[in-house]
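Student: Hey, could you walk me through the pockets in this one? I haven't looked at it before.
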Amino acid sequence: MIEVETTRFGKLKVEEDRIIHFPEGLLGFSKLKRYILLDYKDTSIKWLQAVDDPDVAFIVINVFELEPEYELKVPDSVQRLLGLEKPEDAVVLVILRVEEGKLIANLAGPLLINSQNRRGTQMVIENVSPKVYNMQ
Amino acid sequence: MLVLTRKVNEGIRIGDDIVVRVLEVRGSQVKLGIEAPDEVKVYREELYQKILEENIRATKADKDQFNRLKEVFKKK
């Protein structure tokens, strides 16, 4: 068990094998390499909380909840970075935020995680912009 | 900032294994060729910057935002 200090959720105790490692960090957060995912029973959105900075947490969702037909081409170099062997081991999360009543999903910078070893990276997708959804 | 002047087909070597070469100049557009090892990520600066800024904005999310989104993404 490790203890994780967080601004939003207080002190969390988590099993070490729940930590997701981003060897390169996320863009703009290169020093933060360890995260935990906070899951909820009643919603498919999750928090991705940095282990080493209490303030840093992202709201994320599995890309298929937003875009059921989503496809991502993973370059060999990224497959090697994550030790990704099979496509079905890959989990793609998208960072969400709300601005002026609209939902903005950062499809230009999806998070790719190897569920087998919990290694992840933020990809940069050319010719894709963050997508804006109306919330009902 | 280091400033170097190069002609078409001339290049710049960065460290041991990165080469940036000027391939073509047309008006205000310059076409560059970049040779770098696989693990070196090369992006257009504005794209990198856009994702970085999105990330920073996204960390401002609070529990209120989460609760609003929760209504949209209820588990069936």
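Tutor: Sure, and keep in mind that this is a predicted model. Let's start with the lining of the largest pocket: by class it has 9 nonpolar, no polar and 5 charged residues.

Student: OK, and how much space lies in that largest pocket?

Tutor: About 430 Å³. The largest pocket is lined by 14 residues, and the closest to its centre are B:Leu32, B:Ile34, B:Val42, B:Tyr43 and B:Arg44.

Student: Which strands and helices of chain B supply at least two residues each?

Tutor: In chain B, those are the strands β1 (11-14), β2 (18-26) and β3 (29-35), plus the helix α1 (45-58). The largest share of that lining comes from β3(B), with 3 residues.

Student: And which domains does the lining draw on?

Tutor: Domain 1 (1-38) and domain 2 (43-76) of chain B each give at least three residues to the lining of the largest pocket.

Student: Switching topic: what's the volume of the second largest pocket?

Tutor: That one is about 320 Å³.

Student: Which residues lie nearest its centre?

Tutor: A:Pro75, A:Ser77, A:Val78, B:Lys41 and B:Tyr43 do, out of 15 lining residues. B:Tyr43 also came up among the residues closest to the centre of the largest pocket.

Student: What about elements of chain A, which ones supply at least two residues there?

Tutor: In chain A, α2 (76-82) and β10 (119-122) each do that for the second largest pocket.

Student: Last one: how do the residues of that second lining divide by class?

Tutor: There are 8 nonpolar, 3 polar and 4 charged residues in the lining of the second largest pocket.

Note on methods
Residues are numbered from 1 along each chain as its sequence is written. Chains are lettered from A and ligands numbered from 1 in the order in which they are written. This is a predicted model: local features need pLDDT of at least 70, side-chain atom pairs count only at pLDDT 80 or more; totals for chains, interfaces and linings use all residues. Side-chain values use heavy atoms; hydrogens and water are left out. On a 1 Å grid over the protein atoms alone, a cavity is a set of points where a 1.4 Å probe fits but cannot get out, and a pocket is an open set with protein on both sides within 12 Å along at least five of seven lines; lining residues have an atom within 4 Å of a point. Grid points are joined across faces, edges and corners, and a volume is the space filled by probe spheres set on the points. Helices (H or I, at least four residues) and strands (E, at least two) are DSSP runs, numbered from the N terminus. Ala, Val, Leu, Ile, Met, Phe, Trp, Tyr, Cys and Pro count as nonpolar, Asp, Glu, Lys and Arg as charged, and the others, Gly among them, as polar. Domain bounds come from an automatic or database domain assignment.
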